[in-house]
Amino acid sequence: MFSSIVVRRGDIAGRRDLLIRFLKGTIEGNYLALNDEKRAKEVLAKELKIADPKVLDVTYNDFKAQSPANIEISQPGAENILAQFPGGSQRLEDYVDTSLLAALKAEGYFTAMQQKYRR
């Protein structure tokens, strides 16, 4: 499941195709996990070694509540993180590049995922 990725600015331009493929896989995995609870819990149980069904329920419900299907970053969340480092820039655009997600949106990728997974 997904929270964020960190990439050097030079790699956004230089490895754009690779990053787009990575994001597409991550986004589709996210849509799948949000729409197929049983399968998502199987993955969580295996990868996180969760044996207790109650813990598994809490873990999945937490993921579901906090994970936007389109993996867009939460502006308030990002601002909160920046506030923890008062010595640096507080401008989101100095740290967050949404151009890859914008490109996927422009090509209709999110619409295709919404239709495929009926979200």
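Here is a short briefing on the protein chain shown above, from its overall fold down to one arginine. The model is predicted. The protein chain has seven helices and zero strands, and 27% of its 119 residues count as buried.

**Fold and dimensions**
- Reading from the N terminus, you will meet the elements in the order α-α-α-α-α-α-α.
- The C-alpha trace of the protein chain spans about 45 × 35 × 20 Å along its principal axes.
- Take the contacts between residues at least 6 apart in sequence: in the protein chain, 66% of these join residues at least 24 apart.

**Surface and charge**
- About 8,300 Å² of the protein chain is exposed, and 54% of that area comes from carbon and sulfur atoms.
- If you are thinking about charge, the protein chain carries 18 positive and 16 negative charges.
- The mean positions of these two sets of charges lie 4 Å apart.

**A closer look at Arg-8**
- Arg-8 sits in the segment before helix 1, which covers residues 9-14.
- Is Arg-8 buried or exposed? Arg-8 counts as exposed because its relative accessibility is 62%, and the cut-off for exposed is over 50%.
- For a sense of distance, Arg-8 and Gly-88 are 80 residues apart in sequence, while their C-alpha atoms are 17 Å apart in space.

Methods: Residues numbered from 1 in each chain as written. Predicted model: local features only at pLDDT ≥ 70, side-chain atom pairs only at ≥ 80, totals over all residues. Heavy atoms only, no water. Helix = DSSP H or I, 4+ residues; strand = E, 2+ residues; numbered from the N terminus. Buried < 20%, exposed > 50% of the residue type's maximum accessible area, 1.4 Å probe, protein only. Contact = heavy atoms within 4.5 Å. Areas by Shrake-Rupley, 256 points an atom, 1.4 Å probe, with all protein chains shown as cover. Lys, Arg positive; Asp, Glu negative; His and termini not counted. Charge placed at Lys NZ, Arg CZ, Asp CG, Glu CD.
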